[in-house]
Amino acid sequence: GIDVREARISAVTTSAGDIVAPAVFNCAGAWAGEVGKMAGLSVPVEPYPRNIFVTDRMPAVTRDHPMTIDMTTSFYFHPEGEGLLFGMGRSNETPSFDTQVDWSMLDAMAEVVERRAPSLGTAGVRTAWAGLYEMTPDHQPILGPVDDLDGFWCACGFSGHGFQQAPAVGHLLARCFLGEKPEVSLDVYAHRRFRTGVVEPERNVI
Ligand SMILES: Cc1cc2nc3c(=O)[nH]c(=O)nc-3n(C[C@H](O)[C@H](O)[C@H](O)COP(=O)(O)OP(=O)(O)OC[C@H]3O[C@@H](n4cnc5c(N)ncnc54)[C@H](O)[C@@H]3O)c2cc1C
């Protein structure tokens, strides 16, 4: 849990004991909404399961094949091991913490596979896994201090593209936390945007 005294963070309580903490970063990925609730805050991050499939060896695939994305459907593939890794989102997704592989995605992708990468349709699937995207309403991350609660910072809600943003976000947030001016303004990612309505939605989520 998170202890709040006089509208500021005072400590976190963990299974290993309490930790006095004048500042807390919410970097809980798909669980960031739950961690926000611990501090009495609305942090609009919802979990959306996503599946990844990896094929058996495909002799025609080389390591320098590019990552390829069909932006209309979000179907994508790129080399992985001796084959291809591929996946796609669903248009009618609902939030869930379920990370069981959804094998029905193979049928859902059949039409776009046939159209965009027909040889993929004849390859066997070697392995698959599912993880959680951590989606915000505008598909942008939530970064920086939260106005309503002193000492509560967010670094979450990367909406399925956090891995590539992590080095820059870590650097910029460290500068903000030290009271320095970051090289790139993080204002557009502030938690307050959900109150002010000033948002710049990310449209290219795959
Ligand atoms: C299938 C799939 C494919 C992806 N592909 C890409 C890609 O190609 N490129 C890209 O940039 N991104 C990709 N992503 C997204 C990327 O993985 C995430 O954006 C990134 O991992 C988010 O990092 P994070 O540190 O914010 O959260 P996480 O990596 O989820 O870490 C959050 C951590 O917080 C912990 N936690 C949660 N609640 C608590 C609590 N109460 N107490 C203590 N710890 C807690 C969790 O256990 C977890 O370890 C993909 C995601 C998925 C699911």
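Here is a walk through this structure, from its sheets to its ligand. Keep in mind that what you're looking at is a predicted model.

Let's start with the sheets. As a general reminder, strands of a sheet pair through backbone hydrogen bonds, and they can do so in a parallel or an antiparallel way. One open sheet here has three strands, lined up as β1-β2-β3 with antiparallel pairing. On its edges sit β1 (2–5) and β3 (17–20), each of which pairs on one side only. From one strand to the next, the twist averages 25°. Zoom in on β1 and you'll find that it pairs with β2 (residues 8–14) over four bridges, in the antiparallel sense. If you want to spot one of these pairings yourself, look for I2, whose bridge partner in β2 is V12.

Now move on to another open sheet, this one with five strands. Their order is β6-β7-β8-β5-β9, and the pairing is again antiparallel. The edge strands are β6 (68–70) and β9, and each has a pairing on one side only. Ignoring direction, neighbouring strands in this sheet are turned by 20° against each other on average. Inside the sheet, β5 and β8 (residues 83–87) pair in the antiparallel sense over two bridges. Here F53 is a handy residue to find: its bridge partner in β8 is F86.

With the sheets in place, turn to the ligand. Where does the ligand's shell lie relative to domain 1 and domain 2? Domain 1 (2–45 + 138–196) and domain 2 (47–134) both give residues to this shell, so it lies between them. Several elements supply at least two shell residues each: α1 (32–38), β5 (46–55), β9 (125–135) and α3 (162–177). You've already met β9 as an edge strand, and β9 gives the most to the shell, with four residues.

So who are the neighbours? There are 18 residues around the ligand, and E134, G160, G162, F163 and Q164 come nearest. Sorted by character, the shell has ten nonpolar residues, six polar ones and two charged ones.

Finally, look at the backbone around positions 161 to 163. A backbone N or O atom of G162 lies 2.8 Å from an oxygen atom of the ligand. For F163, a polar backbone atom is 3.0 Å from a ligand oxygen, while for H161 a backbone N or O atom is 3.4 Å from one. How much of the ligand does the protein bury? Taken alone, the ligand exposes 1000 Å², and the protein buries 54% of that.

Technical notes:
Residues are numbered from 1 along each chain as its sequence is written. This is a predicted model: local features need pLDDT of at least 70, side-chain atom pairs count only at pLDDT 80 or more; totals for chains, interfaces and linings use all residues. Side-chain values use heavy atoms; hydrogens and water are left out. A residue is near a molecule or strand if one of its heavy atoms lies within 4 Å of it. A polar contact is a pair of N or O atoms within 3.5 Å; within protein, one must be able to donate a hydrogen and the other to accept it, and residues adjacent in sequence count only if both atoms are side-chain atoms. Accessible areas come from the Shrake-Rupley method with a 1.4 Å probe; for residues, only the protein chains shown count as cover. Ala, Val, Leu, Ile, Met, Phe, Trp, Tyr, Cys and Pro count as nonpolar, Asp, Glu, Lys and Arg as charged, and the others, Gly among them, as polar. Domain bounds come from an automatic or database domain assignment. Two strands pair if DSSP finds at least two bridges between them. Axes are lines fitted to C-alpha atoms, for helices over the stretch in contact, and angles run from 0 to 180 degrees between N-to-C directions.
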